[in-house]
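Welcome! Have the viewer open beside you and try each exercise before you read its solution.

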Amino acid sequence: MKKASFIILILCCSVKISTAQIEYNYGKFRSGELIKLDIYYNWGFIWLNAGWAKFEIKDTIWNNTPSFHFYSTGATNPGYDWFFKVRDTYEAISEPNEYRPYWFRCNTHEGSYWDKEEATFNYTDSIAITHTENAKRPFSTDTIKINYQITDLLSAIYVCRSVNFSKLKVDDKVPVPVVVSNKLYNLHFRYLGKETIENRQNEKFECRKFAVMMVNGTIFSGGEDLVAWITDDDESKPILVQAKIAVGSIKAYLSEYKKEKN
């Protein structure tokens, strides 16, 4: 499957703990949060500042219900467009307490490949209506059976940041079922324990470390090729994300973080 996942730096297997044993600290994110990552590409022995990704939370109304609007964009810097041009947009509207998605859409352009997707989630009938088209496949639609654990590629980031890591043991796997390209993928992330990480300004942070199961696509080859470090506090800020890609590897460092006070 050709699915682009450039922005989602933070994503079927058996799991070592059941969903019932996983605890979440929901409700700690607020409208107004902004996260920006600077993305570096490994070129031989040097790291080049090749792009950026940004994540925002806004308030919105969906079917007369107060909701969150997750919005994310990412791109290569203009000087690197000749090598591999990226222009990605993801957005999702989700329930604001447990980040259960109501609607998802992405529009991605990576190199010569483009992809458009949309999904609407109906929990009354336990289905998701999906639409997709890309550079290799014409427009198609489908109906997928879902449950209350389902998420999308963007809402999944906030769900994963909400996991109560203190209840996990090293190598425990947390299931993350995601609708992608008219299909349901039972992805996961694997907890790797605590680690002190240093950013490019030589600041040190106590972090939780985990590996993410990725969807095979134009950039990622699939498997646990992405590792992320998030702060070991209520903010769960992504300090560093690193991943193997089709050609080389990338690192994404937190460059900006804002949140509105309660």
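Buried means under 20% relative accessible area, exposed over 50%, and partly exposed in between, using a 1.4 Å probe and protein chains only. This is a predicted model, in which local features need pLDDT of at least 70 and side-chain atom pairs count only at pLDDT 80 or more, while totals for chains, interfaces and linings use all residues. Residues are numbered from 1 along each chain as its sequence is written, and side-chain values use heavy atoms, with hydrogens and water left out.

**Exercise 1. Describe the protein as a whole.**

Step 1: Begin with secondary structure, taking helices (H or I, at least four residues) and strands (E, at least two) as DSSP runs numbered from the N terminus. The protein has 14 strands and two helices.

Step 2: Turn to burial. Of the 262 residues, 52% count as buried.

Step 3: Add the surface, computed by the Shrake-Rupley method with a 1.4 Å probe, where for residues only the protein chains shown count as cover. The accessible surface is about 12500 Å², and carbon and sulfur atoms account for 48% of that.

**Exercise 2. Compare two loop residues that have positive phi: is each exposed or partly exposed?**

Step 1: Locate Ser126 in the loop between strand 6 (113–122) and strand 7 (127–134). Its phi is positive, about 60°, although Ser126 is not a glycine.

Step 2: Locate Asn202 in the loop between strand 10 (183–198) and strand 11 (204–214). Asn202, also a residue other than glycine, has a positive phi near 65°.

Step 3: Apply the burial classes. Asn202 counts as exposed because its relative accessibility is 58%, whereas Ser126 is partly exposed because its relative accessible area is 26%.

**Exercise 3. Work out the surroundings of Ser94 and Thr60.**

Step 1: Place both residues. Ser94 lies in strand 4 (residues 86–94), and Thr60 lies in strand 2 (residues 46–62).

Step 2: Classify them. With 0% relative accessibility, Ser94 is buried; Thr60, at 25%, is partly exposed.

Step 3: Take the separation. From C-alpha to C-alpha, Thr60 and Ser94 are 9.4 Å apart in space, and they are 34 residues apart in sequence.

Step 4: List contacts (heavy atoms within 4.5 Å). Not counting residues up to four places away in sequence, Thr60 touches several residues, including Ser67, Phe68 and Ile93. With the same exclusion, the contacts of Ser94 include Ser67, Phe68, Tyr102 and Ser155.

Step 5: Look for a polar contact, a pair of N or O atoms within 3.5 Å; within protein, one must be able to donate a hydrogen and the other to accept it, and residues adjacent in sequence count only if both atoms are side-chain atoms. The side chains of Ser94 and Ser155 make one at 2.7 Å.

**Exercise 4. Which residues touch the most other members of the largest nonpolar core?**

Step 1: Define the set: buried Ala, Val, Leu, Ile, Met, Phe, Trp, Tyr and Cys residues joined through side-chain atoms within 4.5 Å.

Step 2: Read off the result. The largest such core has 65 residues, and Phe121 and Phe189 touch the most other members.

Step 3: Inspect Phe189. Beyond four places in sequence, its contacts include Cys160, Val163, Phe165 and Phe210.

Step 4: Check the cysteines. Cys160 is buried at 7% relative accessible area, and Cys106 is buried at 2%. With a disulfide defined as a pair of cysteine sulfur atoms within 2.5 Å, the count is zero.
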